[in-house]
Amino acid sequence: MNKIELRNRLEQVMMCNIPKLEGKEELLKQNHTKLADDLQMDSFDIVTLQVALEEMFLFEFNPLEDDFVGIFENMDSLEKFLCLKCGVE
């Protein structure tokens, strides 16, 4: 998997699991889009996304080591974290 494929999967997971993102597809493509502010994702949406990402990419977040605020800040930070977890450069 390359970075483009990973980003496409990320966007797909978000659209399939967070209904309120319907109509916001263009925002998902922008690196600076903030999940909480721009996409109006609340803590329930973040947890839903977290579980969906673990299932899609076959890893587990570590609540003791992973900086959830930083990871889920914007699309770019989330993509970079997933690239690191999945070994995508």
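User: Let's start with secondary structure: how many helices and strands does the protein chain have?

Analyst: This is a predicted model, and its protein chain comes to five helices and zero strands. Reading from the N terminus, the elements go α-α-α-α-α.

User: What does the radius of gyration say about the overall fold?

Analyst: You hold it up against what a compact globule of 89 residues would give, near 12 Å; the protein chain has 12 Å, so the two agree. The C-alpha atoms fill a box of roughly 30 × 30 × 20 Å along the principal axes. As for the inside, 39% of the 89 residues count as buried. Contacts tell you about the fold too: among those between residues at least 6 apart in sequence, 53% join residues at least 24 apart.

User: Okay, let's take one helix. How do I read helix 1?

Analyst: Start with the general idea: an α-helix has 3.6 residues a turn, so residues three or four places apart point the same way. Now the case here. Helix 1 covers residues 3-17 and reaches 21 Å from its first C-alpha to its last, close to the 21 Å expected. Its buried residues are Leu-6, Arg-7, Leu-10, Glu-11, Val-13 and Met-14. Looking down the axis, these buried residues fall within an arc of 160 degrees, so they line one face of helix 1. Ile-4 and Cys-16, on the other side, are exposed.

User: And what covers the buried residues of helix 1?

Analyst: The cover includes helix 2 (25-28), helix 3 (43-57) and helix 5 (75-86).

User: There's a Glu in that buried set. Which residues does Glu-11 touch?

Analyst: Glu-11 has a relative accessible area of 10%, which is why it counts as buried. Leaving out residues up to four places away in sequence, Glu-11 touches Leu-28, Lys-29 and Met-75.

User: What goes on at the start of helix 1?

Analyst: There, a side-chain oxygen of Asn-2 comes to within 3.0 Å of the backbone nitrogen of Ile-4.

User: Last one: which residues touch the most other members of the largest nonpolar core?

Analyst: The general idea is that nonpolar side chains tend to be buried together in soluble globular proteins. In this model, the largest nonpolar core has 25 residues, and Met-14, Leu-35, Leu-49 and Leu-53 touch the most other members. Helix 1, helix 3 and helix 5 are the elements that give two or more residues to this core. Take Leu-35: beyond four places away in sequence, the residues it touches include Met-14, Ile-46, Leu-49, Phe-72 and Leu-78. Polar residues such as Gln-40, Glu-73 and Asn-74 are also among the contacts of Leu-35.

Conventions
Residues are numbered from 1 along each chain as its sequence is written. This is a predicted model: local features need pLDDT of at least 70, side-chain atom pairs count only at pLDDT 80 or more; totals for chains, interfaces and linings use all residues. Side-chain values use heavy atoms; hydrogens and water are left out. Helices (H or I, at least four residues) and strands (E, at least two) are DSSP runs, numbered from the N terminus. The expected span of a helix is 1.5 Å times one less than its number of residues. Buried means under 20% relative accessible area, exposed over 50%, partly exposed in between (1.4 Å probe, protein chains only). The arc is that of the directions from the helix axis to the C-beta atoms. Contact means heavy atoms within 4.5 Å. A polar contact is a pair of N or O atoms within 3.5 Å; within protein, one must be able to donate a hydrogen and the other to accept it, and residues adjacent in sequence count only if both atoms are side-chain atoms. A nonpolar core is a set of buried Ala, Val, Leu, Ile, Met, Phe, Trp, Tyr and Cys residues joined through side-chain atoms within 4.5 Å. The radius of gyration is taken over C-alpha atoms; the globule rule is 2.2 Å times the number of residues to the power 0.38.
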